[in-house]
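User: I've got a structure open and would like to talk through a few spots in it. Can you take my questions one by one?

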Amino acid sequence: MKGIKRKRRFGLAMEKAIFMEEAIKEARKAQALGEVPIGAVVVLDNEIIGRGHNLRETTQNAITHAEILAIQAACQNRESWRLSEAEIYVTLEPCPMCSGAILLSRLKKVYYGAPDPKAGTAGTLMNLLQDDRFNHTCEVEAGLLQTECAELLTSFFRALRAKKKAAKQAKTE
């Protein structure tokens, strides 16, 4: 798999920002398809081993979330379901399904950009990822490039509402 590999020539904060920018690129791919702009990348040893972006509308499949697709790609890349030393960068806080996949694939750490007040399970509604009743937990770092990640979603939904409003007005004229 073609990936971005970064040697530790940048500081850790810069490295995290670089990988979140890659997740944002994935989110923009989703947006170009008319999908909710959410993107994710899985990173192991400073190399991207899996990428994904939302494809629910395109596939008409409820489980084609960015995280699920990135995890699937990483597992295929590594030829293993265990990603115990890998990290995931995602533009929106994971939902319950994605948090479950993160736990089951044994990801080490989750970085996310924008919180999800409606479905976030990495600290907003609940914290599945750090619940020690499970046999695995993940470190979580919230708010990485939060403004950029949130703006992608805000502008997408703003444009969607404007389009629906225009269509409604056109019907009444």
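What follows is a short set of questions and answers on this predicted model.

User: Which residues does UniProt list for "binding site"?
Analyst: Keep in mind that this comes from an unreviewed UniProt entry. The label there is "binding site", and the residues listed are His 65, Cys 95 and Cys 98.

User: Over the 34 residues they span, do they gather at one spot or spread apart, and what C-alpha distance sets the limit?
Analyst: They span 34 residues in sequence, so sequence alone won't tell you. Look at the C-alpha atoms instead: they gather at one spot, because no two are further apart than 9.4 Å.

User: Which of this set does the lining of the largest pocket take in?
Analyst: Check the set against the residues that line the largest pocket. From the set, that lining takes in His 65 and Cys 95.

User: Is His 65 buried or exposed?
Analyst: His 65 sits in the loop between α2 (56-59) and α3 (66-78). Its side chain reaches the backbone oxygen of Ala 62 at 3.3 Å. Leaving aside neighbours within four places in sequence, His 65 is in contact with Asn 54, Arg 56, Cys 95, Met 97 and Cys 98. The relative accessible area of His 65 is 13%, and the cut-off is under 20%, so His 65 counts as buried.

User: What is Cys 95 in contact with, leaving aside its neighbours within four places in sequence?
Analyst: Cys 95 belongs to the loop between β3 (87-92) and α4 (96-104). With a relative accessible area of 14%, Cys 95 is buried. Once neighbours within four places in sequence are left aside, its contacts are His 65, Ala 119 and Thr 121.

User: How are α1 and α5 arranged: roughly parallel or roughly antiparallel?
Analyst: Helix α1 (residues 12-32) packs with helix α5 (residues 146-172), their axes being 10 Å apart. On the α1 side the contact is made by Met 20, Ile 24, Ala 27, Arg 28 and Gln 31, and on the α5 side by Glu 148, Cys 149, Leu 152, Ser 155 and Phe 156. The angle is about 10°. Angles under 35 degrees count as roughly parallel, so α1 and α5 are roughly parallel.

User: What separation do the C-alpha atoms of Phe 156 and Gln 31 have?
Analyst: Phe 156 is in helix α5 and is buried, at 11% relative accessible area. Beyond its neighbours within four places in sequence, Phe 156 is in contact with Gln 31, Gly 34, Glu 35, Val 36 and Pro 37. Phe 156 and Gln 31 are 125 residues apart along the chain, yet the separation of their C-alpha atoms is 7.5 Å.

Technical notes
Residues numbered from 1 in each chain as written. Predicted model: local features only at pLDDT ≥ 70, side-chain atom pairs only at ≥ 80, totals over all residues. Heavy atoms only, no water. UniProt positions renumbered as here; feature names shortened; annotations may be inferred. 1 Å grid on protein atoms, 1.4 Å probe; cavity = no way out; pocket = protein on both sides within 12 Å on 5 of 7 lines; lining within 4 Å. Helix = DSSP H or I, 4+ residues; strand = E, 2+ residues; numbered from the N terminus. Buried < 20%, exposed > 50% of the residue type's maximum accessible area, 1.4 Å probe, protein only. Contact = heavy atoms within 4.5 Å. Polar contact = N/O pair within 3.5 Å; in protein donor to acceptor, adjacent residues only side chain to side chain. Axes fitted to C-alpha atoms, helices over the stretch in contact; angles between N-to-C directions. Parallel < 35°, antiparallel > 145°, perpendicular 65-115°, else oblique.
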